Structure formats: C-alpha cells, structure tokens
Amino acid sequence: MSSRLIVSADDILKAVKELEEFEKKALSEARKRDRAEGKAPRETLYPNPDLKPGREIVLDYIKNPERRRTPRC
C-alpha cells in the first residue's frame, strides 16, 4: 500500500537541515553587523527565547511514536 503523504519524513528532515545551515549563516552575518555597529554580538538569531522554533515542533512531531493518534492543530 502506498503512502498518501505528499511529503515524507525524510523530506522534512532534509528541509530542517537546510534551514539550520541557513540560520547559522544568518546568525554569523547578524553577529558581524552587531560588531560593526558597536553592539555586543547576539547569542541567538531570534531574541525571544520563549518561542519554540518551527523546526523543533516538526521534529518533535516526527519523533513522537504516537503521532498518528495525536490531533493535528
């Protein structure tokens, strides 16, 4: 029986890895801008630590063995 999913878990993991690489580059560029402006270099790309990044939400969902039973919101 073929899967009815449009996107496989491997596709999602690949996209997450690409996003992580992009964010690393963006963080290094933001740190360079901070140094050029005389500010202290930032630790994270996004300053609000209360928000969970989307990739972590997706990875948590993929790693959850009961994901088929959990509601999708």
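Is Glu23 buried or exposed, and what is its relative accessible area? I put that to you at the start because Glu23 is in fact buried, with a relative accessible area of 17%, which is under the 20% that sets the limit for that word. Before I come back to Glu23, please keep in mind that what we have here is a predicted model.

Let me begin with the chain as a whole. The protein chain contains two helices and zero strands, and of its 73 residues, 14% count as buried. It exposes about 6800 Å², and carbon and sulfur atoms supply 55% of that area. If we take the contacts in the chain with a separation of 6 or more, then 32% of them come from residues that are 24 or more positions apart.

Now to helix H1, which covers residues 9-36. With 28 residues at 1.5 Å a residue, H1 should span 40 Å, and since its end C-alpha atoms are 40 Å apart, the expected span and the modelled one agree. After H1 comes Gly38, and the phi of Gly38 is positive, near 85°. The buried residues in H1 are Val16, Glu23, Ala26, Leu27, Ala30 and Asp34, and what covers them includes helix H2, residues 54-63.

On the side of H2, the buried residues are Arg55, Leu59 and Ile62. Seen down the axis of H2, these buried residues fall within an arc of 60°, so they line one face of the helix. As general background, an α-helix has 3.6 residues a turn, so residues three or four places apart point the same way. As for what lies against that face, the buried residues of H2 pack against H1.

That brings me back to Glu23, which lies in H1. What does Glu23 touch, once residues up to four places away in sequence are left out? The answer is Leu45, Tyr46 and Arg55, and Arg55 is, as I said, one of the buried residues of H2. Also in H1 is Glu20, which at 32% relative accessibility counts as partly exposed. Glu20 and Arg55 are 35 residues apart along the chain, while their C-alpha atoms are separated by 8.7 Å.

The second acidic residue I would like to dwell on is Asp34, again in helix H1. At 4% relative accessibility, Asp34 counts as buried. Leaving aside residues up to four places away in sequence, Asp34 touches Lys39, Ala40, Pro41 and Arg42. With Arg42 there is a salt bridge between the side chains, at 2.9 Å from N to O, and the side chains of this pair are likewise joined by a polar contact of 2.9 Å. The partner, Arg42, is partly exposed, with a relative accessible area of 31%, whereas Asp34 itself is buried.

How many salt bridges does a search of the whole structure find? It finds two, and besides the pair of Arg42 and Asp34 there is a salt bridge between the side chains of Lys39 and Glu37, at 3.2 Å from N to O. Here Glu37 is exposed, with a relative accessible area of 51%, which puts this acidic residue in another class from Asp34, the buried one at 4%.

One further residue of H1 belongs to this part of the picture, and that is Lys32. At 56% relative accessibility, Lys32 counts as exposed. Lys32 and Arg42 are ten residues apart in sequence, and from C-alpha to C-alpha they are 9.6 Å apart in space.

To draw this together, the predicted model shows two helices, with the buried residues of H2 packing against H1. Within H1 there are two buried acidic residues to look at on the screen, namely Glu23, which touches Arg55 among others, and Asp34, which meets Arg42 in a salt bridge.

Methods
Residues are numbered from 1 along each chain as its sequence is written. This is a predicted model: local features need pLDDT of at least 70, side-chain atom pairs count only at pLDDT 80 or more; totals for chains, interfaces and linings use all residues. Side-chain values use heavy atoms; hydrogens and water are left out. Helices (H or I, at least four residues) and strands (E, at least two) are DSSP runs, numbered from the N terminus. The expected span of a helix is 1.5 Å times one less than its number of residues. Buried means under 20% relative accessible area, exposed over 50%, partly exposed in between (1.4 Å probe, protein chains only). Contact means heavy atoms within 4.5 Å. Accessible areas come from the Shrake-Rupley method with a 1.4 Å probe; for residues, only the protein chains shown count as cover. The arc is that of the directions from the helix axis to the C-beta atoms. A polar contact is a pair of N or O atoms within 3.5 Å; within protein, one must be able to donate a hydrogen and the other to accept it, and residues adjacent in sequence count only if both atoms are side-chain atoms. A salt bridge is a side-chain nitrogen of Lys or Arg within 4 Å of a carboxyl oxygen of Asp or Glu.
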